[in-house]
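Thank you all for coming; I would like to walk through one structure this morning, slowly, for anyone who has not met it before. Please have the sequence and the model open as I talk.

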Amino acid sequence: MKPYFKTLFSLFLPILFTFPSAGSAKDPLMAKPAALQCEHLLNPIGIDALKPRLSWLMMDTRQNARQTAYRILVGKDSVTLRKKKGNSWDSGKTNSSRSLVSYAGEPLTAFTRYFWTVELWDKDGKLAGNAPIASFETGMMTADNWKGAWISDGNDIHKRPAPYFRKTFETTKQVKSARAYIAAAGLYELYLNGKKVGNHRLDPMYTRFDKRNLYVSYDVTAQLQRGNNAIGVLLGNGWYNHQAIAVWNFDKAAWRARPAFCADLRITYTDGTTAIITSDKDWKTSLSPIVSNNIYTAEHYDFRQEQPGWNTVDFDDRKWEPVRLRKAPSDLLVAQAMQPIRNVQEIPVKSMKKLNDTTYVFDLGQNISGVTKIRVKGDDGTVLRLKHGERLYPNGRVDLSNIDVYYRPKDQTDPFQTDIITLSGKGELEFMPRFNYKGFQYVEVTSSKPVQLSKESITGYFMHSDVAPKGKINSSNPLIDKLWWATNNSYLSNLMGYPTDCPQREKNGWTGDGHFAIETGLFNFDGITVYEKWLADHRDEQKPDGVLPDIIPTGGWGYGTANGTDWTSTIAIIPWNIYLFYGDSQLLADSYGSMKKYVDYLTQISPKGLTTFGRGDWVPVKSKSDLEYTSSTYYFVDATILSKTAKLLNKQADYEQYRKLAEKIKTAINDKYFNAETGIYASGVQTELSVALQWGLVPEELKAKVAANLAKRVAADGMHLDVGVLGAKAILNALSENGQAETAYQLAAQDTYPSWGWWIVNGATTLYENWDIKAERDISLNHMMFGEIGGWFFKGLGGIHPDEQQPGFKRIQLRPNFVSGLEHFKAEHDGPYGKISSAWKRSGNKVIYTVTIPANSDAVISFPLVKGQKVYRNGKVIASKITLGAGVYQFEIV
């Protein structure tokens, strides 16, 4: 088990064991509900959804197991719920196999905990075993319920030190429960009685601050004490007050101001009364020892300026200043209902080199996003610089030249990815940044005076959105397994409440990178809450005419001339993939208006169905693809998804309009760029042939011909890639889905330049930004734009595909490819109905194929037979394409 899987598994282990097993000693085949979630979260608190989505799965190991009916019960009392009574909603027995249902009971009230459970009836119409009782808790629900004011320390945007805030209050009665609700323009850490609340990092998530702000909810019952209490807040700049200057102009954002926050601490006493401690003019403020903090560069800390006990009751704050009331950053304040960022994995230093008495270089052995913690002793006033980078110079020192290229500092006081700490001389001190993260493998520590450091002095923390793992692969080729692991490392490194391009040089939400990697992300991790948040950012950033920037969120940069279809198709591609993987149409419904405005804009500027609006096949190996051809292809993709979504949402007129538009675009592309006689698109380079197959431009009867041409082109290119980002997304799928899986696998397993494997054999633990390791530009060593291969393993080798007619893997399409370069391969994905497994291995002259289809779903299996081969099950020949219900099956292909 990989290290981060171990970490995440340990977090979810207690939850897993609250679910009943699939059976018991008395009845090992009994069906039972499990994995109850609300809004795709486990027992969430502080949600604003008026009709929250409730979901579950059926645990039933029997062949053809399925759910024939359900009954949802929701109430405010778990005791009553155990008696099978729901005083808020009783759906009644509903004959359906659905396992994702929106709440439809009495209107929910704010600040209320609701308990819920579900009854299921199995394939025989029998009531299944009892489900656990789950819960969800509403938050503010409406802006009117906020009592606190927005407060700040009144300094201007250029003030560097981070501000402290504090207030004391008294609880006079026995506390039943307490909830803290806090929103910030910037970043915050919340404290009660000297201890940090929660284990989140970099809250709240980054949004377009003048359009929408997020608040976070915490259960703080255990942190309150009878009598006097102290509440403290530490504020950081984050993306809100971007003091560093880089080419994307975040320092010029319209929202920019000194960080501020708004908080309500809502206390419920055992006698039923409530009290609310709010952010108001009674709070006091002071500057903290964080003398500089920037999400883009680093953090500086002066231990000599610490104020011990600043967030405790007994602290003397008479020298602190009064706070300033200020206007809310936006009119919209909504719950942050998503997986938080955490320090997910602790990574010890692999090796350390002491270059001299004041210089040490540490190697984590792995490229990550996150921070380091240092423990150090030194004289009062000693200054340490912790430089974080991905590469080393020949002399062994850290090289930032591949990642600091877009930074435009006015002076040298805030060096890139370099924490600066000043020691106080008071024994061993410990520092870890609070409001910054970096992308790095190496840390160079230099000190103004000699200090003694050991390998244990530095610890790395892999920090990212803490999404649960959903998939894994295993194969007979170590290169494939390492590549899958490295791809996941890059994906997680670039998941910070929104998908980014890289965790060091930019940290930007590049739209193209986001949709190129969407299937990799969804096969491997439970990312729906992150993407729902990011698509809300899309809606916030969209211009009235439908145009989107190519980085989201943005401070205003990115509405240029190249922010076209190949990048900003996120508005359609990501909601559609969420629908395919989760069977949840909510994001499609929420994004429909934006999708429509976007496609209408494209139609306005492209009346003949062709457009040059786009960036093209970014960072190709050598061949360039036609910009109009690739941009028009994504225009076709967007129109196609929009028409399908209109049909799904019962918008018949729109469906007809956009279906015809998609056909018009397809015809225009094929008329200009496709030679049906030769089976060649455009100039016939790898990307141009691939995207036509990937996105459905090729007439059905000519797919095999085009795919054969693509395979010939790959062979002519020495069985190596010659693609940029658009081709990297398409080429493996185009080959493996059209009879050329052997060529696809040879590309995926290639280990010489240019290839994914070339990075791995040269020591990569993440994916790179350029096929050429020694390129002059575009040389970040932790990028996700070439990351489709991590999803292709599940599709192209394991053969696991969703079915758009029965999405969410209700019906699984299994189309494995038993490629000759592997002895065995196994792919597993935990879908909404349970674990899907597709595994094959060679045994002499035959292939043994084993599949697991979870309860309440079925699968269509298509076997890739060559001439003379047959499929056997239980010794009998079966068809090469079959449909099977839930269960475990084994086949022999001879």
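The UniProt record, an unreviewed entry, carries the annotation "domain: Alpha-L-rhamnosidase six-hairpin glycosidase" over residues 470-795; UniProt positions are given here in the numbering used for this model, feature names are shortened, and annotations may be inferred rather than shown by experiment. Before going further I should say that this is a predicted model, in which local features need pLDDT of at least 70 and side-chain atom pairs count only at pLDDT 80 or more, while totals for chains, interfaces and linings use all residues. Residues are numbered from 1 along each chain as its sequence is written, and side-chain values use heavy atoms, with hydrogens and water left out.

Within residues 470-795 the chain is 55% helix and 3% strand, and the C-alpha atoms at the two ends are 15 Å apart. When I speak of helices (H or I, at least four residues) and strands (E, at least two), I mean DSSP runs numbered from the N terminus.

The same unreviewed entry type appears for a second annotation, "domain: Bacterial alpha-L-rhamnosidase N-terminal", which UniProt places on residues 173-344. That span is 0% helix and 44% strand, with its end C-alpha atoms 38 Å apart.

How is the protein divided into domains? The division gives domain 1 (32-138), domain 2 (143-338), domain 3 (342-465), domain 4 (471-797) and domain 5 (824-893), with bounds that come from an automatic or database domain assignment. Taken over C-alpha atoms, the centres of domain 1 and domain 3 are separated by 48 Å.

Let me turn to the strands, beginning with β1 (residues 32-38), where six of the seven residues are buried; buried means under 20% relative accessible area, exposed over 50%, and partly exposed in between, using a 1.4 Å probe and protein chains only. Strand β1 runs antiparallel to β3 (residues 53-59), joined to it by five bridges, and A34 stands opposite L57 in β3. C38 counts as buried because its relative accessibility is 1%.

Five strands form an open sheet with mixed pairing, in the order β2-β8-β7-β4-β5, where two strands are said to pair if DSSP finds at least two bridges between them. Its edge strands, each pairing on one side only, are β2 (45-47) and β5 (89-90). Strands β4 (residues 69-75) and β7 (residues 113-121) pair in the antiparallel sense over seven bridges, and A69 stands opposite W121 in β7.

An open sheet of six strands, with antiparallel pairing, follows the order β13-β12-β15-β10-β18-β21. Here the edge strands are β13 (195-196) and β21 (321-322), each pairing on one side only. Strand β18 (residues 284-287) is joined to β21 by two bridges, with T285 opposite E321.

Moving to the helices, is α12 (residues 686-694) mostly covered or mostly open? Helix α12 is mostly covered, with nine of its nine residues buried, and those buried residues pack against α10 (627-648), β36 (680-681), α13 (703-716) and α14 (725-736). Just after α12, G696 takes a positive phi of about 85°.

Helix α15 (residues 741-748) is largely enclosed by the rest of the structure, because six of its eight residues are buried. Its buried residues are covered by elements that include α3 (478-493), α13, α14, α16 (756-761) and α17 (789-797).

The largest nonpolar core has 212 residues, and those with the most contacts inside it are I421, W756, F793, Y849 and F891; such a core is a set of buried Ala, Val, Leu, Ile, Met, Phe, Trp, Tyr and Cys residues joined through side-chain atoms within 4.5 Å. Helix α8 (residues 570-582) gives the most to this core, with ten residues. Leaving aside neighbours within four places in sequence, F793 is in contact (heavy atoms within 4.5 Å) with I473, I480, L483, W484, G798 and F825.

One loop residue deserves a mention: A468, found between β33 (458-465) and β34 (471-475), counts as buried because its relative accessibility is 13%. A468 and F525 are 57 residues apart in sequence, and 5.6 Å apart in space from C-alpha to C-alpha.

Finally, how many disulfides does a search of the whole structure find? The search finds zero, a disulfide being a pair of cysteine sulfur atoms within 2.5 Å.
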